[in-house]
Amino acid sequence: MTPQKAVIGLEIHIQVNTVRSKMFCTCSQDYRGAPPNTNVCPVCLGLPGSLPVPNREVIRKAIMLALALGSKVLDKVVFVRKHYFYPDLPKGYQISQHRGPGMAPIAVGGSLEIEGDSGPKRIRMRRIGVEEDPARITYPSGDPTRSSYSLIDYNRSGVPLIEVVTEPDLSSPKEARVFMEKLLELVDHLGISNPDLEGAFRVDVNISIEGGERVEVKNIGSLKDIEKAISYEVVRQRAVLAAGGKIQRETRHWDPVKGVTIVSRYKELEEEYRYFPDPDLPPIAITSSIVEEIASKMPELPWHRAERYVKIYGLTRYVSRVLVSRKRLSEFFEEVVKIYGDPRRVADLLINDFLGIVNERGGNLDMVKASPQSIAKLLSLMDQGVISVKIMKMILERVVLGGEDPEEIVVRENLKVIASDEELEELAEKVIKENPKAVEDAKKNPKAINYLVGQVMKLTRGRADPQKIAAIIRRKLSIGS
Ligand SMILES: [Zn+2]
């Protein structure tokens, strides 16, 4: 018997961390690193008598995202109050958007095509809106179960969020991850959000097994955890159903340390939020001329950029997709190509060696200090035979993370490929003399020559071409290749 299908929908909250101020006040949206409760004002503290003023730039960015997803932008935007009680929400309600009588988000409908488990698949959007982030609760020991009290930091209160709600079109944890990667890629290229920043997005996942009740897992903050939490829920719900049990309609949260979802409270029904239009915020008209103006200024979409790399640069689809996975990476790639040429060679270095270094340290491109010039210079040094591939790999990390000039490193540390053949001849002679056993082996088995080559390389500290050394040793020992 095939297991019943999983039905998955996502509610994604993306921080608009590319604008200056919060959603309804002039405090900075960049709350990271500030001492607690210093980035606040009467509006984002929810003090009585304060009045919110919507951030126009955030609304424009939400319209941009809607256009990229082919959603229908509504001609009137309505802000609503979503009521719930929680210490991180001083007003007792969150200013948000919703669909329904008297309510109108920024846009409805649209879709994003992903590579699904069995081929291309369109994931439909239900709505796109904007809202404010609540404050942040922190625990003195970092762990709620081991702290006797909690603290509230309002610095994040009011940070602008774009909320994207999908239809339940996803069928597996992997599809959810692929979808999220593509959506984050899109908001990165549109200049809406930098997904590399801590807390840049949070996702609520709705999961059910066909025929069962829907469970919501709230506030998951990383792609890996989204995939893991869904996997866990699918297995848990199938097990409950297989044992003849019933799935409770409930809200759970994901414990990334234990790798389980835990029930947090019974789910509020939508009507319990008591949505109603915020009387402090009159509806905003979105005219067709505003939409047209935004459409005319749309940046290149990531999938169009990847297409261009295939057509103009002759790169493979796979390589192009990796390059556009981050806007900064694709811009960096284009800069290096402008200076150096040879897009395939540049792409190869960036994807294999450059990204290897970045990904080993968590993948955040903010740590890159290298300039496009220094990467172009590094490639030229190899072309001119000044350094070997081995030396390039050895110094790349300092160029990428330390921002050092490759030419300076090479000169300072004397890393040039040994130019004179005489020096290599001498070193080969020495190694042959000192390793009679290996010489015997090499005469019997040509592959065993690698050991001798390695010894010479060691003496040159990697500053020579191993092919060349191999040729010299072969000649000295009179063996064929
Ligand atoms: Zn404020």
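Here is a walk through the fold, from the whole chain down to three helix pairs. Keep in mind that what you're looking at is a predicted model.

Start zoomed out. The protein chain carries 15 helices and 17 strands. Its radius of gyration comes to 29 Å, well over the 23 Å that the globule rule gives for 481 residues, so the chain is more spread out than a compact globule. If you box up the C-alpha atoms along the principal axes, you get roughly 90 × 55 × 50 Å.

Next, the domains. The assignment splits the chain into domain 1 (6-292), domain 2 (323-412) and domain 3 (421-477). Between domain 1 and domain 2, the C-alpha centres sit 37 Å apart. What does the contact between these two look like? Four residues of domain 1 meet seven residues of domain 2. On the domain 1 side of that contact, you'll find three charged residues, one polar residue and no nonpolar ones.

Now for the helix pairs, beginning with α2 (residues 173-189) and α3 (residues 223-242). Their axes come within 8 Å and cross at roughly 155 degrees. Angles over 145 degrees count as roughly antiparallel, which means α2 runs roughly antiparallel to α3. The handedness of this crossing is right-handed. On the α2 side, the contact uses Pro173, Lys174, Ala176, Arg177, Met180 and Glu181, while α3 brings in Leu223, Ile226, Glu227, Ile230 and Ser231. Sort the residues of this α2 and α3 contact by class and you get six nonpolar, one polar and four charged.

Move along the chain to α7 (residues 327-340) and α8 (residues 343-360). Here the axes come within 9 Å, crossing at roughly 135 degrees. That angle makes α7 oblique to α8. Once again you can check the handedness: α7 passes α8 in a right-handed crossing. The residues to click on are Phe333, Val336, Val337 and Tyr340 from α7, plus Pro343, Val346, Ala347 and Leu350 from α8. How many of the residues in the contact of α7 with α8 are nonpolar, and how many are polar or charged? The contact has eight nonpolar residues, with no polar and no charged ones.

The last stop is α9 (residues 372-383) with α10 (residues 389-402). The two axes come within 11 Å and cross at roughly 165 degrees. With that angle, α9 is roughly antiparallel to α10. As for the sense of the crossing, α9 passes α10 in a right-handed way. From α9, the contact takes Ser374, Leu378 and Met382; from α10, it takes Val389, Met392 and Val399. By class, the contact of α9 with α10 comes out as five nonpolar, one polar and no charged residues.

To put the pieces side by side: charged residues number four in the contact of α2 with α3, but there are none in the contact of α7 with α8 and none in that of α9 with α10. The side of domain 1 that touches domain 2, for its part, has three charged residues and no nonpolar ones.

Terms used
Residues numbered from 1 in each chain as written. Predicted model: local features only at pLDDT ≥ 70, side-chain atom pairs only at ≥ 80, totals over all residues. Axes fitted to C-alpha atoms, helices over the stretch in contact; angles between N-to-C directions. Helix = DSSP H or I, 4+ residues; strand = E, 2+ residues; numbered from the N terminus. Parallel < 35°, antiparallel > 145°, perpendicular 65-115°, else oblique. Left-handed = near helix turned anticlockwise from the far one by under 90°. Nonpolar A, V, L, I, M, F, W, Y, C, P; charged D, E, K, R; others polar. Domains from an automatic or database assignment. Rg over C-alpha atoms; globule rule 2.2 N^0.38 Å.
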